[in-house]
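Open your viewer, get your selection tool ready, and follow along stop by stop. At each stop you will find something to select and a short account of what is there.

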Amino acid sequence: MKISVIGTGYLGATHAACMAELGFDVLGVDIDAAKVSALGEGVLPFHEPGLPELLRKHVATGRLRFTTSFEEAGAWADVHFVGVGTPQRAGEHAADLTYVDAAIRSLAENITKDSLIVGKSTVPVGTTRRLRDIIDKYRDPSVSVGLAWNPEFLREGFAVRDTLSPDRLVFGVDNEADETVLRSVYAQAIADGTPVIVTDFETAELVKVAANAFLATKISFINAFSEITETIGGDIRTLADAIGHDARIGRRFLNAGVGFGGGCLPKDIRALQARASELGLDRTMRFLSEVDSINLRRRDRVVHLAESMLGQLLGKKIAVLGVAFKPDSDDVRDSPALDVAVRLFNSGADVAVYDPEGTANAAKRFPRLDYKGTLEDAAQDADLVLLLTEWNEFRALRPEQLAALTSGQRIIDGRNVLCGDEWEAAGWEFAALGQRFVPAGELADALMR
Ligand code: UDX
């Protein structure tokens with residue numbers, strides 16, 4: 001079986017390399033000629049642990065190739081996976097389906113043998129049936145072109161593992177023959193015991209957005225409690241641990257902090273609200289607007305904490321540690337860390353940023369921040385240090401290590417990964433999200449009274 005993968009971004013490049021790893025001949029297709037030529041030379045244009053090795057390995061054997069030609073893909077492959085982006089539409093909440101529609105039409109126009117198109121992109125419910133019509137309109141009537149929806153659940157940072165050993169496989173199909181094709185593509189994972197859910201198009205589309213909406217809600221749920229513990233006292237980490245022991249709740253995705261970002265969760269909860277409204281269900285997903293607001297308010301909280309620690313931001317030196325939306329990624333799309341850094345800069349602070357992988361992407365978006373190559377350079381002479389992405393390098397920070405560099409001993413833990421007592425015992429003014437914070441000045445005033 002020959003496989004093409006349309007779209008060679010995060011999802012597509014990973015899927016293509018993993019399909020080659022499973023032994024298939026694979027052709028990656030993208031309209032971006034620069035990306036195609038880099039990938040064809042075994043160069044991955046983003047950071048993902050383990051993926052560069054797979055890419056180089058299979059490009060070298062010739063099992064994995066890349067092209068800009070839909071004509072070549074349409075004549076060659078038996079199964080075409082579509083993993084193009086569905087970003088948020090500019091100025092709207094809804095998903096932009098331009099790339100999906102264009103990819104499906106180009107495939108339909110160029111397929112010259114019986115084949116199956118398998119959608120992997122995250123799409124609003126109802127899209128697959130609409131794409132079926134596009135295929136029927138543009139395909140050669142003498143060839144049969146099937147369509148299935150097989151959502152992708154990979155997490156950045158674990159993309160290879162999640163693709164080769166997924167938690168579950170979801171096949172949205174309208175006939176058994178297409179299911180059989182998908183079962184043979186994923187034969188290895190199925191043999192390893194991965195559960196397979198065979199369902200209709202609508203359910204398959206909804207599984208993906210429901211999972212992301214649930215995860216986003218879980219994060220905002222604990223972050224809403226942070227607003228309470230910040231006001232009255234209490235320990236947000238202990239609260240998460242304690243409720244997490246209830247197996248029905250579970251501890252994962254209850255880490256309070258500066259909130260979620262990235263290329264999926266924020267846009268997916270917005271697109272789901274927009275789709276529900278289109279269906280006349282204005283109130284159904286309205287709670288996701290609160291989930292979004294709670295998430296965005298976490299960024300305000302960090303900026304307010306910085307202001308209360310420094311008195312004013314103008315002219316103050318602030319070291320921002322972390323700019324990627326999460327560790328083990330160089331992705332800065334909708335990154336809470338980058339957003340906070342830019343807001344501090346716009347308030348007149350002198351912001352030095354360090355991230356092990358994310359600075360190049362951040363610099364493309366906001367070139368005016370002062371990007372540093374090491375943690376030490378960023379922390380040098382800082383009045384305040386902010387930890388906003390929990391890379392291991394930052395989790396391992398020790399007070400004495402930073403004190404030798406900074407000019408003030410003030411730190412905000414935006415991810416709840418440091419031990420506040422240890423920092424306070426070493427003489428630091430320490431604040432964390434979800435913890436009540438009384439600025440040192442106010443504490444002194446209160447003691448005088
Ligand atoms: C997510 C889904 O997990 C994945 O299944 C889907 O395919 C794509 O979207 P990803 O965007 O890679 O994956 O990131 P994820 O690991 O889910 O983290 C999302 C954001 O939530 C990050 O900004 C992370 O820092 C934040 N987060 C996560 C928290 O703030 N607290 C937590 O407890 C967990």
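## Stop 1: A buried pair and a network of charges

Select E230 and R298: both residues are buried. Their side chains meet in a salt bridge, with 2.8 Å from N to O. Now colour the two helices involved. E230 sits in helix α10 and R298 in helix α13, so the pair links distant parts of the chain, 68 residues apart. Please keep in mind throughout that this is a predicted model.

While R298 is on screen, add R270, D292, R299, D334 and D339 to your selection. Salt bridges that share partners join these five residues into one network. Side chains of opposite charge can pair when their charged atoms come close. A search of the whole structure finds 31 salt bridges, and the next stop shows two others.

## Stop 2: Two salt bridges to compare

Select D101 and R130. Their side chains form a salt bridge, at 3.0 Å from N to O. D101 belongs to helix α5 (residues 98-110) and R130 to helix α6 (residues 127-138), so this pair ties together parts that are 29 residues apart in sequence. Is D101 buried, exposed or partly exposed? With a relative accessible area of 22%, D101 is partly exposed, because buried means under 20%. R130 is partly exposed as well, with a value of 35%.

Next, select R89 and E92, whose side chains also meet in a salt bridge of 3.0 Å, N to O. R89 has a relative accessible area of 35% and is partly exposed. E92, at 38%, counts as partly exposed too.

## Stop 3: A greasy patch on the surface

Go back to helix α10, which covers residues 201-232 and holds F225. Select F221, F225, I228 and I232 and switch on a surface display. Together they form a nonpolar patch on the surface, with about 400 Å² of accessible area. F225 counts as partly exposed because its relative accessibility is 32%.

## Stop 4: An open sheet with helices packed on it

Switch to a cartoon view and find the open sheet of 6 strands. Which order do its strands follow? The order is β11-β10-β9-β12-β13-β14, and the pairing is parallel. At the edges are β11 (370-371) and β14 (429-432), each of which pairs on one side only.

Zoom in on β12 (residues 384-387) and β13 (residues 410-413), which pair in the parallel sense over 3 bridges. Here V385 stands opposite I411 in β13.

Now bring back helix α13, residues 287-310. This helix packs on the sheet, touching β9 (317-321), β12, β13 and β14, and its direction makes about 165° with that of β13. Helix α14 (residues 336-346) packs on the sheet as well, where it touches β9, β10 (350-354), β11 and β12. The direction of α14 makes about 160° with that of β10.

## Stop 5: A strand covered on both faces

Select strand β7, residues 169-172. Which residues lie on each side of this strand? L169 and F171 are on one side, V170 and G172 are on the other, and all of them are buried. Add strand β8 (residues 196-199), which pairs with β7 in the parallel sense over 4 bridges. Within β8, T199 is the bridge partner of G172.

## Stop 6: D30 and T67

Select D30, found in the loop between β2 (25-29) and α2 (33-40). D30 is buried, because its relative accessible area is 10%. Setting aside neighbours within four places in sequence, D30 is in contact with G7, T8, G9, K35, V36, T67 and T68.

Follow one of these contacts to T67, in strand β3 (residues 64-67). T67 counts as buried, at 8% relative accessibility. Beyond residues up to four places away in sequence, T67 touches L27, G28, V29, D30, V36 and E72.

Try your distance tool on D30 and G126: their C-alpha atoms are 25 Å apart in space, and the two residues are 96 apart in sequence.

## Stop 7: Two positive phi angles

Most residues other than glycine have a negative phi. Select F253, which has a positive phi of about 65° although it is not a glycine. F253 is located in the loop between α11 (236-244) and α12 (265-278), and at 34% relative accessibility it counts as partly exposed.

Finish at D328, where phi is near 60°, again a positive value in a residue other than glycine. D328 lies in the loop between β9 and α14. With a relative accessible area of 36%, D328 is partly exposed.

Terms used. Residues numbered from 1 in each chain as written. Predicted model: local features only at pLDDT ≥ 70, side-chain atom pairs only at ≥ 80, totals over all residues. Heavy atoms only, no water. Patch = residues over 30% accessible without salt bridge, like charges linked within 9 Å, V, L, I, M, F, W, Y side chains within 5 Å. Areas by Shrake-Rupley, 256 points an atom, 1.4 Å probe, with all protein chains shown as cover. Salt bridge = Lys/Arg side-chain N within 4 Å of Asp/Glu carboxyl O. Buried < 20%, exposed > 50% of the residue type's maximum accessible area, 1.4 Å probe, protein only. Pairing = 2+ DSSP bridges. Contact = heavy atoms within 4.5 Å. Axes fitted to C-alpha atoms, helices over the stretch in contact; angles between N-to-C directions.
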